[in-house]
Amino acid sequence: MAIEVKDLEGVKSDCLAPAAIEAKCETVAVGKVGLSPAKCFVLAMAAGVFIGFGATFFLTFTADPTLTFGVKKLVGGICFCLGLALVICCGAELFTGNSLMVAALASKKITWGGLLKNWIIVILGNLVGSLLLVFIVAMAGIAGIKAGDSTIGANMATVAAGKIGLPWVQIFFRGILCNMLVCLAVWIGFAGKTIVDKVVGIILPISAFVACGFEHCVANMFFLPMGMVADPSKVDITGILYNLSASIPGNIVGGAILVGLAYWFVYHKKQA
């Protein structure tokens, strides 16, 4: 439902009101559940590739050891925004964003079976898409590109090793913080009516979660295997599974409960 609002100076602008965004979130969830498994899986693979593109952009930029801490965090975060911009604007099924589907579940527009089926297909598709891009990036020789006195591959291994070196509880809570920001970015994407609206709207929340070092399970499906390919001595399968065992439930709590159900509680009765 589009409504006309006024800013503090009384200038009119078109946007989606929060209640209308929540209603759209439910409608989108119903459509997601209605997708055939094959189409859902392909779109999920696309999302895994898209997030991997953002991660590759991030790793390439931050590989230069001469960059200051602040520049790496700020610009690296902006680089990573490429991933969600592609997901939102090009259309794809991203597990973390699909946490918002709980709003439709709470309104009984979809069932637990439909929700879980979507989540399982999507997370598997995200993983396959991420691994596909890992293979392509590895074969393209990106890891060997020089970055000052280092290489992009060295940065890939360092980033991945840092993620698996965290205590499990920290990864879990960083996962909560991450998907709160990701789902708020998706929420902004629902509100936007143009490509510019959507892309500009996601920059702050997405660059913030990256700069702060929060844990995004789908991004980690690329970061961690890519780090293992770059330097198997620093990252192994056990470390990858360890990180995902904490980041996945953390992402669910942050996105489904602290954003999806919170906004459903506030706005669902006000739908037109």
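Colleague: Which residues do ring pairs link into a cluster?

Modeller: In this predicted model, the cluster linked by ring pairs consists of Phe58, Phe80, Phe209 and Phe223.

Colleague: What makes phenylalanine 58 and phenylalanine 223 an aromatic pair that is edge-to-face?

Modeller: The count comes to eight aromatic pairs. For phenylalanine 58 and phenylalanine 223, the ring centres are 5.8 Å apart and the planes stand at 80°. Rings pair if their centres lie within 6.5 Å, and planes over 60 degrees apart count as edge-to-face. Both conditions are met, so the pair is called edge-to-face.

Colleague: Why is this pair said to tie together parts that are 165 residues apart in sequence?

Modeller: Phenylalanine 58 belongs to helix H2, whereas phenylalanine 223 belongs to helix H9 (residues 217-230), so their pairing joins parts 165 residues apart in sequence. Both phenylalanine residues, 58 and 223, are buried.

Colleague: Why is the pair of tryptophan 168 and phenylalanine 172 called stacked?

Modeller: Their planes differ by 5°, with 5.7 Å from centre to centre. Planes under 30 degrees apart count as stacked, so the name applies. Tryptophan 168 and phenylalanine 172 are four residues apart in helix H7 (residues 168-191), which means a separation of about one helical turn.

Colleague: How do you know whether phenylalanine 172 is buried or exposed?

Modeller: Its relative accessible area is 17%. Buried means under 20%, so phenylalanine 172 is buried.

Colleague: What makes tryptophan 168 count as partly exposed?

Modeller: Tryptophan 168 has 33% relative accessibility. This value falls between the limits of 20% and 50%, so tryptophan 168 counts as partly exposed.

Definitions and conventions
Residues are numbered from 1 along each chain as its sequence is written. This is a predicted model: local features need pLDDT of at least 70, side-chain atom pairs count only at pLDDT 80 or more; totals for chains, interfaces and linings use all residues. Side-chain values use heavy atoms; hydrogens and water are left out. Rings of Phe, Tyr and Trp (its six-membered ring) pair if their centres lie within 6.5 Å; planes under 30 degrees apart count as stacked, over 60 as edge-to-face and the rest as tilted. Helices (H or I, at least four residues) and strands (E, at least two) are DSSP runs, numbered from the N terminus. Buried means under 20% relative accessible area, exposed over 50%, partly exposed in between (1.4 Å probe, protein chains only).
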